[in-house]
Amino acid sequence: MIQTPVIVTFANQKGGVGKTTLCVTFANYLVTKGKRVLVIDCDTQQSVAKCRKADIRKYGEEHIPYDVLAYGADDRQAMTALMERLRNEPGMDVVLMDSPGSLKADGLIPMFVNSDIIIVPFHYDLVTVSSTASFLMFTDRLRKAAAGQMKARFFIVPNLNDGRVGKRSELAIWESARETFSNYGRVTGKIPKRADMERFSTMAALDMQAGIVASVFEEIYADIFGNNENQNEQ
Ligand SMILES: Nc1ncnc2c1ncn2[C@@H]1O[C@H](COP(=O)(O)OP(=O)(O)OP(=O)(O)O)[C@@H](O)[C@H]1O
Ligand SMILES: [Mg+2]
């Protein structure tokens, strides 16, 4: 039996790679799988919390699929206490945490150390690839410094994939990124760059969105929950 809640953090020091977008679309995906979800918005822009407020104005409060709570990530002690509380949150299957696109906030250390899963979106231009590599090296040093306390498994997700980009030099970046990143965790399939992904709702996946992310989310889901999770119910 898997210990719940599973704490899943979306992180990368590089901004604009899709942490927030994938956090919300994964929350919507987990709801369709019957999971009880809580979203913790620790991004300075608090886009998920703002989106939830707008969604409530638009759709009302009747059918809210999961709560969204906003917290700052600047204070190390406050984050340690928050992670402890989330770890013991009753009746919750998955806690999803969105984090800011920088490493400046001190609270990120206890956040990463106490996560079960860290999802690292990136896209494969040179700047993003090298910045993502630095981020993965940082988390590796953190794991060593945490002396056995940090158990997080990493999923590294190529996002914003443009099928038209396929020159030999770009494919070479992709291949070497894939090889390097595999040392830190599982590099998943690619999520394409699509206009349908440019907006999101905290109430349900928008038209077409579920299909765009499905295969990658299924890959992550199966890895977290296994394929035989309903065995006990038979
Ligand atoms: N698969 C995708 N297809 C098209 N647009 C996408 C996709 N993923 C993300 N985007 C867009 O890319 C931009 C950056 O995404 P997002 O805000 O989720 O990144 P972020 O990593 O959370 O950024 P920050 O570090 O600033 O918080 C947004 O405009 C978003 O709509
Ligand atoms: Mg964000």
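**Entry: H1 and H7.** I began with helices H1 and H7 in this predicted model, and I found that H1 and helix H7 (residues 209-225) pack with their axes 10 Å apart, at an angle of about 75°. An angle between 65 and 115 degrees counts as roughly perpendicular, so I noted H1 as roughly perpendicular to H7. I then looked up which residues make this contact: from H1 they are Leu22, Thr25, Phe26, Tyr29 and Leu30, and from H7 they are Gln209, Val213, Phe217, Glu218, Ile220, Tyr221 and Phe225. Sorted by class, the residues in the contact of H1 with H7 come to nine nonpolar, two polar and one charged.

**Entry: H5 and H6.** I turned next to helix H5 (residues 126-145) and helix H6 (residues 168-181), whose axes come within 11 Å and cross at roughly 5°. Because angles under 35 degrees count as roughly parallel, I recorded H5 as roughly parallel to H6. On the H5 side I listed Leu126, Val129, Thr132, Ala133 and Leu136, which meet Ile173, Ala177 and Phe181 in H6. The contact of H5 with H6 has seven nonpolar residues and one polar residue, with no charged residues.

**Entry: the magnesium ion.** Which protein atoms are the donors of the magnesium ion (ligand 2)? I found Thr20, through OG1, and Asp43, through OD, lying 2.0 to 2.7 Å from the ion. The pair links distant parts of the chain, since I place Thr20 in helix H1 (residues 19-32) and Asp43 in the loop between strand E2 (37-41) and helix H2 (47-59), 23 residues apart. I also checked whether these donors are covered: Thr20 has 13% relative accessibility and therefore counts as buried, and Asp43, at 5%, counts as buried as well.

**Entry: the cysteines.** I looked for disulfides and found zero in the structure. Cys23 is in no disulfide, and the nearest cysteine sulfur to it, that of Cys42, is 9.7 Å away. Why is the sulfur of Cys42 without a bond to that of Cys23? A disulfide needs two cysteine sulfur atoms within 2.5 Å, and the sulfur of Cys42 is 9.7 Å from the closest cysteine sulfur, in Cys23, which is too far for a bond. I noted that Cys23 is buried, with a relative accessible area of 0%, and that Cys42 is buried too, with a relative accessible area of 2%.

**Entry: backbone exceptions.** Before going through the backbone, I reminded myself that most residues other than glycine have a negative phi, and that most peptide bonds are trans. Against that background I wrote down a cis peptide bond that joins Thr4 and Pro5, with omega about -5°, and I located Pro5 in the segment before strand E1 (6-10). Leu160 has a positive phi, near 55°, although the residue is other than glycine. Leu160 has its place in the loop between strand E6 (153-158) and H6, and I noted this residue as partly exposed, with a relative accessible area of 31%. Met208 likewise has a positive phi, near 75°, and I found Met208 in the loop between strand E7 (186-187) and H7. Is Met208 buried or exposed? At 59% relative accessibility, Met208 counts as exposed.

**Entry: Lys190.** I stayed with the loop between E7 and H7, where Lys190 also lies. At 33% relative accessibility, Lys190 counts as partly exposed. Which residues does Lys190 contact, once its neighbours within four places in sequence are left aside? I listed Tyr124, Pro158, Asn161, Trp174 and Val216. I also looked up the spacing of Lys190 and Ser215, which are 25 residues apart along the chain and have their C-alpha atoms separated by 8.9 Å.

**Entry: Lys50.** My last look was at Lys50, which I found in helix H2. Lys50 has 56% relative accessibility and so counts as exposed. For Lys50 and Gln3, which are 47 residues apart in sequence, I noted a C-alpha to C-alpha distance of 31 Å in space.

Definitions and conventions. Residues are numbered from 1 along each chain as its sequence is written. Chains are lettered from A and ligands numbered from 1 in the order in which they are written. This is a predicted model: local features need pLDDT of at least 70, side-chain atom pairs count only at pLDDT 80 or more; totals for chains, interfaces and linings use all residues. Side-chain values use heavy atoms; hydrogens and water are left out. Axes are lines fitted to C-alpha atoms, for helices over the stretch in contact, and angles run from 0 to 180 degrees between N-to-C directions. Helices (H or I, at least four residues) and strands (E, at least two) are DSSP runs, numbered from the N terminus. Angles under 35 degrees count as roughly parallel, over 145 as roughly antiparallel, 65 to 115 as roughly perpendicular and the rest as oblique. Contact means heavy atoms within 4.5 Å. Ala, Val, Leu, Ile, Met, Phe, Trp, Tyr, Cys and Pro count as nonpolar, Asp, Glu, Lys and Arg as charged, and the others, Gly among them, as polar. Donors are N, O and S atoms within 2.8 Å of the metal (3.2 Å for Na, K and Ca); water is not among the atoms, so sites may look incomplete. Buried means under 20% relative accessible area, exposed over 50%, partly exposed in between (1.4 Å probe, protein chains only).
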